[in-house]
Each structure stands twice: as structure tokens, then as C-alpha cells.
Amino acid sequence: MKLLACVAYFLVAGGPCNAFSTTSVGSAQIRYADLKDWLLSGTDDSFISPKLDIRPSTRGGLATGGYGAFAGEDIDEGEILLKIPVAKCVTLQDALEDLECGPSFANLLKKAGPGSDTVVIAGYLAKEYLLLKEFDRRISEGATADDDSEMRRLANIKFAAYLRTLPWGRGVNAQEHVLFWKDEDVDALLEGSLAYKDATETRATVKMATKVLNAIISPVIRKARAEEEPESKDEGFRFPWQQEPEPESSDEEILEGLEDAVRGAFVIMLSRSFAETVGENTQEDRLEPLLDMLQHSNAPNTECLVKGDGGSIVEVRASKVITSGDELFNRYKSEEDENMPYHKFFTRFGFVPGVVEPVADLIAARSTIFFPQRAEI
């Protein structure tokens, strides 16, 4: 129990965050203001109610605290709060149409089959995030956005304003997730629990995906960083009409920063993506900026409607009267869903509904949420 308590303390205290993990209210407000400006730019289909504010959430998380959406004024039932066009959402199509990695992503999707959408979108997110970090590094060293063609490309990353608001590291916007834990912490805290199998399988999937995505993404990032490509194995003679082989997973050295980027991208997809119905029997995983700022409640005060051809616009309305100062809530999954018990909520979203104390404390105390209890005879 002492070991569990020590590990729990470490998990609650948290670890170092990445370059975008600043917790100051001022810098966060700037990022969210930039996100709003970007959402409204270049389209007449976007709408953000002037009554909607972004500020620290009333819902607990790690000690850093998270952000949520609030009513800045009284809101009537049925009032439109947000309209988000699919052009401002991160979708599988964005990955497949990517000029640098799109063909390789498409090949991966074809080979891996159903269920690989998340891997492909996560790979796309990780690549764009690493390019954004390279842009910031160059700017910090005195470069400008117009220095050369590479800087002009880096200055025009489509989802840059959105990427800067996402939880790429543990504790950013109070994000907790088993993917951010160390292997030894997963074993010490979760072994024997209902969450252990889900946690270890998800972590194994991400490790394998990182190897696969390394072959696809690393050449693009190395070029942006002006790094030399590692020596590749001699593939022998090939006739001119023979195509270059598609990159595959290998034991080659993983690109610096890629493991953290892919891990963060998977956390983002698992905790923030929405499965929207875009046809009679078709669902599409999307990241929907700003809507994902709404915290979860099993009794939400908003409702989301997918409208337009192919689900081209997501519309968010107030499902009841909301008083000025109240936080806006969405329902991620029904808490009565038999396929989503509380321990699965934790391994998917990184929290347990309705619980304000740190999850690590619940685990260390062997809460029945995570550990089945034997009936007394």
C-alpha cells in the first residue's frame, strides 16, 4: 500500500509538460482567442455566440486545472451557441489529402483495414505538431515567416491555432491519461484492476503505431529540421519502372520527439474526438475545435446536431435555459451505457464521471470502480 501511495502521489503531482503546456491564465486566454479568430476566418459557415466565454472549468482535474466554456450572459433554450463547419474540423480526409504523407497514410489505411482511422489521424496530428514546434524553434532563434519556402510552409499549418490549445502533455488543460504514465506505474497501480487490460492494450497499440508512423513521418520532419536522413538498408537493384517500396515499420531509431507527439495525438483522439453520423450507416471520427472545450456531464445543457450534406456543419444549441456564469456541458457517453463502465471512461477519456478526487487516489485505495470485490460468504 505504501508503494501505491507513493506512485499515486507522483501521478497527482504530475511531470514536466511540453512547450505548449503553459498554465498561466493570460497565455491560455490568448491561445483560445486565437482559436476563435481562426474558426471565424475564411468562411461564412462558422458561428461563435458572443455569449460564450472560455475560462477555468468548475470540474476538477490535475492540480494545474482545466478550461471549459461558460455562459457570459443568460442563454435561452434553443439558442445557437456554435456552428463548426467540417472544413475547420480535423478529419480522416485531412490526413489522406496531406501533400507530404497522404499517399502513405492511404496505403496504411488500406493495409491495416477497419479501425486504423485513429492511427492515421493521430499520425497526421503528430506530424503537424512537430512541424509547428520546428516553426516556433526557428522563430525563437530570430527567423521570420518569409525567410524561405520552408518557413512559409511552416507558417501556414492549417490547424496551428487549434494544435496550440490541445493537451500534448500530461496535465495540459488538466488532461490525465494512462498513455502518459510510465510502464512501472501502470503495473503498480492497475495490475489486477478492471482497467489493466484496456490500459496495457492501448499502450501497446500506441507503441506499435509509433514504429509504423516513424517510417512515414520522420523524413518530413528531418527535412524541416535540416537533418540528414539515417542510412537506409540496401534494397538491391530495381528496374526504372518498379515503384519505390512503401515505408513499413522497422526497428530503426525513432525520430526525436515522435514518441511524445504520437502519444499526445492518441490521447487527443481518445479523449476529444466525436463520432459523427455523416450518412445512413456511416460514422466519421472528427476533432471539432471549441466544441471539445465543453466538459462532460450526464445531464448536459447543450445538444449537438449534424447538418448539411455529408454532415458539413456541427451546430450546438442550448438544450435548456442557461444562466449567466453557468458552465456549458456536453455528454461524451451515457454513464448508463453498459459498454462504457466507469473504468473504461478512465482509460478512454482520462477521468471518472462525477469524481472530483484524483483518480490515482481511488486506485491506491482499491475503489470498487477499478477493483471488483468478492462477495462475503
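## Contacts around C304

Two residues are in contact when heavy atoms of one lie within 4.5 Å of heavy atoms of the other. In this predicted model, C304 is in contact with L291, E315, V316 and N330, leaving aside its neighbours within four places in sequence. C304 belongs to strand 8, which covers residues 302–307. With a relative accessibility of 29%, C304 counts as partly exposed. One of its partners, E315, is 11 residues away along the chain, and the C-alpha atoms of C304 and E315 are separated by 5.7 Å.

N330, another of the partners of C304, is placed in strand 10, made of residues 329–330. The relative accessible area of N330 is 7%, and N330 is therefore buried, since the cut-off for a buried residue is under 20%. Neighbours within four places in sequence aside, N330 is in contact with F274, L291, L294, Q295, H296, S297, P300, T302 and C304. L291 is thus listed both for C304 and for N330.

## The chain as a whole

The chain contains 12 helices and 10 strands. It has 377 residues, of which 46% count as buried. The accessible surface of the chain comes to about 19300 Å², and carbon and sulfur atoms account for 50% of this area.

What share of the contacts between residues at least 6 apart in sequence joins residues at least 24 apart? The share is 70%.

## Helix 5 and its two partners

Helix 5, residues 117–140, packs against helix 4, residues 102–112, at an angle of about 160 degrees, and the two axes are 9 Å apart. Because angles over 145 degrees count as roughly antiparallel, helix 4 and helix 5 are described as roughly antiparallel to each other. Helix 4 passes helix 5 in a right-handed crossing. The contact is made by F105, L108 and L109 of helix 4, together with D117, V119, V120, G123 and Y124 of helix 5. By class, six of the residues in this contact are nonpolar, one is polar and one is charged.

Helix 5 also packs against helix 9, here at an angle of about 30 degrees and with the axes 10 Å apart. Helix 5 is therefore roughly parallel to helix 9, and the crossing of helix 5 with helix 9 is right-handed. On the side of helix 5, the contact is made by V119, G123, K127, L130, L131, E134 and R138. Helix 9 contributes A209, L213, I217, V220, I221 and A224. This contact has nine nonpolar, one polar and three charged residues. V119 and G123 of helix 5 appear in the contact with helix 4 and also in the contact with helix 9.

## Helix 11 and its cover

Helix 11 spans residues 342–349, and its buried residues are H343, F345, F346, T347 and F349. Which elements cover them? The cover includes helix 9 (196–224), helix 10 (258–272), strand 7 (295–296) and helix 12 (359–364). Helix 9 thus takes part in covering helix 11 as well as packing with helix 5. After helix 11 comes G350, which has a positive phi near 95 degrees.

## Loop residues

Most residues other than glycine have a negative phi. N173, although not a glycine, has a positive phi of about 55 degrees. N173 lies in the loop between helix 7 (160–163) and helix 8 (183–190). At 16% relative accessibility, N173 counts as buried. L290 is likewise not a glycine and has a positive phi of about 80 degrees. The place of L290 is in the loop between strand 6 (283–286) and strand 7. L290 has a relative accessible area of 1% and is therefore buried.

E229 is found in the loop between helix 9 and helix 10. Is E229 buried or partly exposed? E229 counts as partly exposed, because its relative accessibility is 44%. Not counting residues up to four places away in sequence, E229 touches S218, P219 and R222. S218 and E229 are 11 residues apart in sequence, and 8.7 Å separates them in space, C-alpha to C-alpha.

Terms used
Residues are numbered from 1 along each chain as its sequence is written. This is a predicted model: local features need pLDDT of at least 70, side-chain atom pairs count only at pLDDT 80 or more; totals for chains, interfaces and linings use all residues. Side-chain values use heavy atoms; hydrogens and water are left out. Helices (H or I, at least four residues) and strands (E, at least two) are DSSP runs, numbered from the N terminus. Buried means under 20% relative accessible area, exposed over 50%, partly exposed in between (1.4 Å probe, protein chains only). Accessible areas come from the Shrake-Rupley method with a 1.4 Å probe; for residues, only the protein chains shown count as cover. Axes are lines fitted to C-alpha atoms, for helices over the stretch in contact, and angles run from 0 to 180 degrees between N-to-C directions. Angles under 35 degrees count as roughly parallel, over 145 as roughly antiparallel, 65 to 115 as roughly perpendicular and the rest as oblique. A crossing is left-handed if the near helix is turned anticlockwise from the far one by less than a right angle, and right-handed if clockwise. Ala, Val, Leu, Ile, Met, Phe, Trp, Tyr, Cys and Pro count as nonpolar, Asp, Glu, Lys and Arg as charged, and the others, Gly among them, as polar.
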